[in-house]
Amino acid sequence: MATVLRYTVVPKLPERIAKLVDLANNMAWCWDPEAIELFLRIDRRKMWVALHQNPKRMLGEVSQIRFEELAADESFLAHLDRVVAQMEKYMSGAHWVEKHPGAPEGFEVAYLSAEYGIHESLSVYSGGLGVLAGDHLKAASDLGLPLVAVGLLYRAGYFRQYLNADGWQQEEYPINDFYNMSIEPARDSEGRLLEVDVEYPGRIVKGRVWRCNVGRVPLYLLDTDHEGNAPEDRRITGELYGGDRDTRIRQEIMLGMGGVMALHALGHRPSCYHMNEGHSAFMTLQRAKELVQQEGLAFHEAVETIKAGSFFTTHTPVPAGNDMFDAQMVEHYFAKYCDDVGITTDQLLAFGRQTPSDKREPFCMTVLALKLSAGANGVSRLHGEVARNMWRNTWKEIPENEIPITHITNGVHTRFWISRDLADLYDRYLGPGWINSPDDQSIWEHIDEVPDTEMWRTHERRRERLVTFARRRLQAQLTNRGAPSTELRQAMEVLDPEALTIGFARRFAQYKRGTLILRDPDRLRRILLHADMPVQFIIAGKAHPADHQAKHLIRDLVHFARDPEIRTHFVFIENYDINVARYLVQGVDCWLNTPRRPMEASGTSGMKAAANGALNISVPDGWWCEAAIPGVNGWNIGMGETYDTIEEQDNVESQALYEILEQEVVPTYYDRGRDGLPREWIARMKAAIRTICPIFNTHRMVQEYTDRFYLPCSIRRSDFKHENRKRARELAAWKQHVHKVWSKVAIKNIQCGPREGLPWGAHLPVSADVVLGDLTNNDVTVEIYYGDLDPEGQVSHGRAVEMTCTGQAGKETFHFEGAVVCEKTGQQGFTVRAIPNHPDLAEKHETTLITWA
């Protein structure tokens, strides 16, 4: 092959409009309507749409003549100056630390995620996990939170979806042109391109670092697809969620271990590391290795140090969605690592197994993250319960309700997802507070001051734009399939801008039940084709390339839509992405969500729709369990009942969905007054906005993460750092000792007062002798565990009350006393338990040890 030398060309803009380049290189433009409008003006919309709203690429394709015209256009220059001034004000605004002087010194959060859905022009995301991560960064920027993010820069990103003539999903992988994306190569302090050397078996893989500015938050993306690496290693960052298990583990080594190396090379020393899913959990191992090699800590001491500043969020209630690797693969990639840090491969494998002694159990990234974090959370209240159940074997014998996985419910970046029309309405009636303080309930109370006429006309404009968008997309889809001209003309007649419009868009998977609405096609047909009250559906979503069952669901929907009568009421939009999502959530009347409970961790698309005034029709799963006020801000499909079979569940819930549509949704929408306004519907739109927006937003979410985890983790890490990591070393030594001698702990001689006929509010005294062996009474917490009894006579979802040591009751035995408060009538039960106790434990079940009477 010929030798090719590379060079880079950048746009040459007149000096007067040169600031456009700065605007294009900071993703903050994508949640600033004025900035978006400015870019739209450059080419009068055509190129903007054709180039997927990518301002950096557009600046490279606009003619020099057009640039000269813009530089002489007073109106455009005034617009540019206004946007630049606003951006500079935003970038120089008060930082979180300035508003919180009590924050620990050096407070900085590192956020690691395999994908980021910031905007459709930055194709390094696949779906909800990435979009949530993107919204997290936007909110952190708005809040001025000292946060730095790390991810991977994929050469092909996620696939682009198109359907063949039979409606079967096909995939293509457009190549990302990094030099025409809103990113730039990161450089070290001397201005050199930054690369990190990540160790793989028998070789070094170089991860090139790119920087994406997300407002005030830097996002660093690692890229292995460059000439410095062998062909097989260049493919590590080839595709998001592509390849086999070997590709996946190599990606996650680069993300986790390479990510930490990149941060340190850039001068960042985060006080707290947040793992967004388990993909990045190897970052804990890299940090431990550095402590072993640079500070001389033993590995178990390094573990306590890195745990103090680590936090983990799990998003996946489906076991198959948690990455697992067989032992041989982990040994292959980490044999040298184990030698370097002084542990055996079995010791390493134990960190990724719920049952460390089970040699057949694969190494799970979620378990690794759980074991090496000071805290963990699910992403909704119900998901927290599901996660505690899923991972209960990591804490054997610990009551499920006490397993240390809590929840922080997801949110959305309101300003990014709100339509420009509705944002103008909010500006007039809610004031700027909805942007600056979207989590302030009092601001959203003003939604009732918006006149019904304005509210409805604004929403109608968005529905009309959605219909226009859907028609154009459908026509483009048909053109790509080589459809005849008659079909192309018919595509511009689908959907009615005034009909009740229901949206359904998400990743297609069996449990999301995308075809539940087709369960009774004749009944659905009657709903769609009602002469006076027609209904229409707009559907979008991708199936994973390897998920053929999900592809069948998409094909079934497309086949149903081919009926000549149905086709104008039922449309599938290909290649669901952030752009399609925005049009949908901003324009639909209702948002449909039909997961098989409790398999939806959270879901955020319904939050986005609600922020735009849409009403949710959903199974009570994920976030909707916390938000739903049935008949006020949306509707529930069922009450969360359990069923003997999936078939029965689908039958019952599909019939419930039809019933809701026929008896409540459709009549309410078409109930119009003399002025043509659906007053009851509008009242529910306002109720949805008022009850959902102040809670389900990323400002509240990020602030909750900060208060509950980022700050405590940072303080704990700082405390552990003092005096040559003295507290971490002492805690590690104490844990080793406790694990070694815990088998000697026993509880005996439990005594209590009279147990029959106790009046409500009385105290039942309890005492017990606890054999502690080589431990002291200060090494344990002894508790009475009491509550309702299950059918087997065991305490279920009990409560614990600590007992007090009153002295020794013999050699190695201590006497403890306490009391149960009789707070509930009926038969109850109690037992006594002992748990290791140390003032530096992050939570009381951290050791996973417990002894029951």
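Let's start with β19 and β20. Strand β19 covers residues 615–618, and it pairs with β20 in the parallel sense, over three bridges. Look at isoleucine 617: opposite it, in β20, stands tryptophan 635. Keep in mind that this is a predicted model.

Now the whole sheet. It is open and has six strands, paired in parallel. Read the order with me: β17, β16, β15, β18, β19, β20. Which are the edge strands? They are β17, residues 570–573, and β20, residues 634–636. Each of those two pairs on one side only. As for twist, neighbouring strands are turned by 20 degrees against each other on average, direction ignored.

Next, the helices on this sheet. Helix α24 spans residues 548–561 and packs on the sheet. It touches β16, residues 535–540, and β17. The direction of α24 makes about 140 degrees with that of β17. Helix α25, residues 578–587, packs on the sheet as well. Its contacts are β15 (500–505), β16, β17 and β18 (590–593). Against β16, the direction of α25 makes about 160 degrees.

On to one residue, leucine 529. Where is it? In the loop between α23, residues 521–528, and β16. Is leucine 529 buried or exposed? Partly exposed, because its relative accessibility is 28%, and that class lies between under 20% for buried and over 50% for exposed. Leaving out residues up to four places away in sequence, leucine 529 touches Glu565, Ile566 and His569. Take threonine 568, too: it is 39 residues from leucine 529 in sequence, yet the two C-alpha atoms are 9.7 Å apart.

Let's jump to a hairpin. Strands β3, residues 160–163, and β4, residues 169–172, run antiparallel and are joined by four bridges. Leucine 163 has glutamine 169 in β4 as its bridge partner. Five residues lie between the two strands. In that turn, glycine 167 has a positive phi of about 85 degrees.

Last, the cores. The largest nonpolar core has 245 residues. Which residues have the most contacts inside it? Leu20, Phe537 and Phe570. Take leucine 20. Setting aside neighbours within four places in sequence, leucine 20 contacts Leu13, Leu38, Phe39, Ile42, Leu59, Phe76 and Leu80. There is also a second, separate core, with 28 residues. Among them are Ala768, Ile784, Tyr786 and Phe816.

Definitions and conventions:
Residues are numbered from 1 along each chain as its sequence is written. This is a predicted model: local features need pLDDT of at least 70, side-chain atom pairs count only at pLDDT 80 or more; totals for chains, interfaces and linings use all residues. Side-chain values use heavy atoms; hydrogens and water are left out. Two strands pair if DSSP finds at least two bridges between them. Axes are lines fitted to C-alpha atoms, for helices over the stretch in contact, and angles run from 0 to 180 degrees between N-to-C directions. Contact means heavy atoms within 4.5 Å. Buried means under 20% relative accessible area, exposed over 50%, partly exposed in between (1.4 Å probe, protein chains only). A nonpolar core is a set of buried Ala, Val, Leu, Ile, Met, Phe, Trp, Tyr and Cys residues joined through side-chain atoms within 4.5 Å.
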